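Colleague: I am new to this structure and should like to understand the terms used for it. May I ask how each description is justified?

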Amino acid sequence: MDENRLNAYLPELVALRRDIHAHPETAFEEVRTSKLVADRLREWGIEVHEGIGGTGVVGVLKGKRPGQRCIGLRADIDALNIFEKNTFDYASTVPGKMHACGHDGHTTMLLGAARYLAEDPDFAGTVHFIFQPAEEGGTGAPAMLRDGLLERFPCDAVYGLHTHPGQPVGEIATRLGAALAGSLSFHVTFKGTAGHGGAAPHLAKDATIPVAHFILGLQTIVGRKVPALDAAVISIGHIGGGSKGSPNVMPAEVLVSGTARYFKTETLEIIRTRLVEQAELFARACDCEVDVRIDYGTPPLVNHPEAFKIAIEAANRTFGDGNVDTERTLSTGAEDFAFLANVVPGTYAWMGGGLGPDGLVHDVHTDKFDFNDASLPYGVSYWVNIVNVELQS
């Protein structure tokens, strides 16, 4: 990796990252971002394919040495529905939308690697630069797959990279095997009949009672049905029913929504079965009805042994001995890169994002987060070294 060559256009990458930050676009609305990506790739002589999975972009770069192996490097391009509270001059110009998860930096690092490699494609094989929409919510990767991503751009392995606030800049972490959880969301509507909560509650079918039992009962699933050594989480994120202005009116319907995380297929089945059973039993016990909808999110993200070895070697070249953590703590976060890694061998890693300008850690998905530009060259170098390790013969 020629640091002088990278440093020559690093200011351009910083400006690009901040431009993307100022113009956030959420899931499947990333029209400006996709065009920016496609235009830059074409400018550097890279073959471009647009509109994959809606607003996804793939750049194809063949090495100048013979080789049949193909790899995918993936960056997510979407923002979040958050009102930004930063006041710097490149803060979000779109009210209610914000790059609060670092995807502006992810996109820029992969673009930087594409430019660097295109200038001197001294490798054997093909690199597919995958710019994926709609990672937030876990629908972008499936959309690209349904649109033939891996049939049109076959990959022998795929790699992903994410910023990690609080972890020092110049460090990277990952782990072999399971790294992130699978996810699902549930939406349970208990249906009774409305009533006067003061004068005649006995004439109503009170939908709030089964809700109370259901919420408490959910916590017994992990504690009493999932084996103690198998991690799982169930949390409530929304309860809705009735009117704040009419506290004496018992609602006819109450909606309870939440999320669950798991690492094993057996655990998923336990959660699904028991959740439905409890909803139906508590509703029946209170003379109510219930509708249950389960939306399956991402599968568990499992880092593949061979891809993991490649990633560690590239990380060592980039970050140096002592700055590569190969035993990152297992997390119940979720990432739709898992859909890609379920089809071909893949590995995901987390790169240090350091502290904010105020010396504090502003975590992802918060209104004060900003990607740390000091980490840009590390991300570019990591991607280049992945290619250097993977496609040398």
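Colleague: What is the handedness of the crossing of α4 and α11?

Modeller: In this predicted model, the crossing of α4 and α11 is right-handed. That term applies because the near helix is turned clockwise from the far one by less than a right angle.

Colleague: Why are α4 and α11 called oblique to each other?

Modeller: Helix α4, residues 103-119, packs against helix α11, residues 376-390, at an angle of about 50°. Angles under 35 degrees count as roughly parallel, and 65 to 115 as roughly perpendicular. The value of about 50° falls in neither range, and α4 and α11 are therefore oblique to each other. Their axes are 8 Å apart.

Colleague: Which residues make the contact between α4 and α11?

Modeller: On the side of α4, they include Gly-105, Met-109, Ala-113 and Leu-117. From α11, Leu-376, Gly-379, Trp-383 and Val-387 are among them.

Colleague: How many nonpolar, polar and charged residues does the contact of α4 with α11 have?

Modeller: By class, there are 10 nonpolar and four polar residues, and no charged ones. Gly counts as polar here, so Gly-105 and Gly-112 of α4 belong to the polar class.

Colleague: What is the order of the strands in the open sheet of four strands?

Modeller: The order is β10-β12-β8-β13, and the pairing is antiparallel.

Colleague: What makes β10 and β13 edge strands?

Modeller: Each of them, β10 at 232-240 and β13 at 289-296, has a single partner strand, so one side of each is left without a neighbour in the sheet. From one strand to the next, the twist averages 20°.

Colleague: How do you know that β8 and β12 pair?

Modeller: Two strands pair if there are at least two bridges between them. Strand β8, residues 182-191, and strand β12, residues 253-262, have 10 bridges in the antiparallel sense, so the criterion is met. Among the bridge partners, Phe-190 has Val-254 in β12, and Leu-184 has Ala-260.

Colleague: What supports the pairing of β10 and β12?

Modeller: These strands share eight bridges, again in the antiparallel sense. Ile-236 stands opposite Gly-258 in β12.

Colleague: Which strands does helix α8 lie across?

Modeller: Helix α8, residues 265-285, lies across β8, β10, β12 and β13. Its angle to β13 is about 165°; angles over 145 count as roughly antiparallel, so that term applies to α8 and β13.

Conventions: Residues numbered from 1 in each chain as written. Predicted model: local features only at pLDDT ≥ 70, side-chain atom pairs only at ≥ 80, totals over all residues. Heavy atoms only, no water. Helix = DSSP H or I, 4+ residues; strand = E, 2+ residues; numbered from the N terminus. Axes fitted to C-alpha atoms, helices over the stretch in contact; angles between N-to-C directions. Contact = heavy atoms within 4.5 Å.
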